[in-house]
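Colleague: I should be grateful for a close look at one part of this model, namely its aromatic side chains and their surroundings. Please explain each step in a way that a first-year student can follow.

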Amino acid sequence: RLEKFIYTILGYLVIFITAAMTFNIMMLSFIEKNKQIQILSLLGVHKILFFKMIFIQNILLSIFFCLFGYCLMEGTLYLNYEFNLFENIFSALPFNVLPFQTSMVKVLLINGILSIIIAISGALPILFNNNKRAYKC
């Protein structure tokens, strides 16, 4: 139970750190593209449309990378069980390596929640940006 609790806390910590880093990276990217955003705002593009574009882009990227991570995990376990390729790494762990035992519904649910959290944290800089500075030429 303690091991499961520690891994759960570490998982939440990783999710929080990822969301904070995504927010910071998107904020820096948003600041660098300020001139382009000003030009688009002069053409009539509103802040909500920017938010929707970045949100959809982040959703697609996070879904892709969640699936990529899942495939990488499955590939690692397959290579370890079939060819003992990672036996040296896994044998140094203080616990037995168990196969990934969960339903595909849970995997999809977790990946969906992660994708939404990452997409929102990546699109929030647009809403937090000062209106006068970003939409003024």
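**Aromatic pairs and their surroundings**

Modeller: In this predicted model, the structure contains four aromatic pairs. A pair of aromatic rings is described by two quantities, the distance of the centres and the angle of the planes. For Phe-51 and Phe-55, the ring centres are 5.9 Å apart and the planes meet at 15°; because planes under 30 degrees apart count as stacked, this pair is stacked. Both Phe-51 and Phe-55 belong to helix 3, where they are four residues apart, or about one turn of the helix. Their accessibility may be considered next. Phe-51 has a relative accessible area of 18% and is therefore buried, since buried means under 20%. Phe-55, with a relative accessible area of 24%, is partly exposed.

A second pair, formed by Tyr-78 and Phe-83, is edge-to-face, with 6.3 Å from centre to centre and 85° between the planes. The angle explains the name, because planes over 60 degrees apart count as edge-to-face. Tyr-78 is partly exposed, at a relative accessible area of 47%. Phe-83 has a relative accessibility of 56% and so counts as exposed, the limit for that class being over 50%. In addition, Phe-64, Phe-65 and Phe-68 are linked into a cluster by ring pairs.

Phe-51 also leads to the interior of the protein. The largest nonpolar core has nine residues, and Phe-51 is one of them; the others are Met-26, Phe-30, Ile-37, Val-45, Phe-50, Ile-54, Ala-123 and Ile-126. Two or more residues of this core come from each of helix 1 (2-32), helix 3 (47-83) and helix 5 (104-128). Helix 3 contributes the most, with three residues. As a general background, nonpolar side chains in soluble globular proteins tend to be buried together.

A polar residue of helix 3 also deserves attention. Asn-58 is located in helix 3, and its relative accessibility of 8% places it among the buried residues, because it falls under 20%. Apart from neighbours within four places in sequence, Asn-58 is in contact with Met-26, Ala-119, Gly-122 and Ala-123. Of these contacts, Met-26 and Ala-123 are members of the largest nonpolar core. The C-alpha atoms of Asn-58 and Ile-116 are 8.5 Å apart in space, although the two residues are 58 residues apart in sequence. Ile-116 lies in helix 5 and is partly exposed, with a relative accessible area of 43%.

The surface offers a further group of nonpolar residues. Leu-2, Phe-5, Ile-6, Tyr-7, Ile-9, Leu-10, Leu-13, Phe-16, Ile-17, Met-21 and Ile-25 make a nonpolar surface patch of about 1100 Å². Aromatic residues are found here as well, including Phe-5, Tyr-7 and Phe-16. Ile-17, one of the patch residues, is found in helix 1 and is partly exposed at 40% relative accessibility.

These details may finally be placed within the whole protein. The protein has six helices and zero strands, so that its elements, read from the N terminus on, run α-α-α-α-α-α. Of its 137 residues, 23% count as buried. The exposed area of the protein is about 10400 Å², of which carbon and sulfur atoms supply 73%. Among contacts with a separation of 6 or more, 80% join residues that are 24 or more positions apart.

Notes:
Residues numbered from 1 in each chain as written. Predicted model: local features only at pLDDT ≥ 70, side-chain atom pairs only at ≥ 80, totals over all residues. Heavy atoms only, no water. Core = buried A, V, L, I, M, F, W, Y, C linked by side-chain atoms within 4.5 Å. Buried < 20%, exposed > 50% of the residue type's maximum accessible area, 1.4 Å probe, protein only. Phe/Tyr/Trp six-rings, centres within 6.5 Å; stacked < 30°, edge-to-face > 60°. Contact = heavy atoms within 4.5 Å. Areas by Shrake-Rupley, 256 points an atom, 1.4 Å probe, with all protein chains shown as cover. Patch = residues over 30% accessible without salt bridge, like charges linked within 9 Å, V, L, I, M, F, W, Y side chains within 5 Å. Salt bridge = Lys/Arg side-chain N within 4 Å of Asp/Glu carboxyl O.
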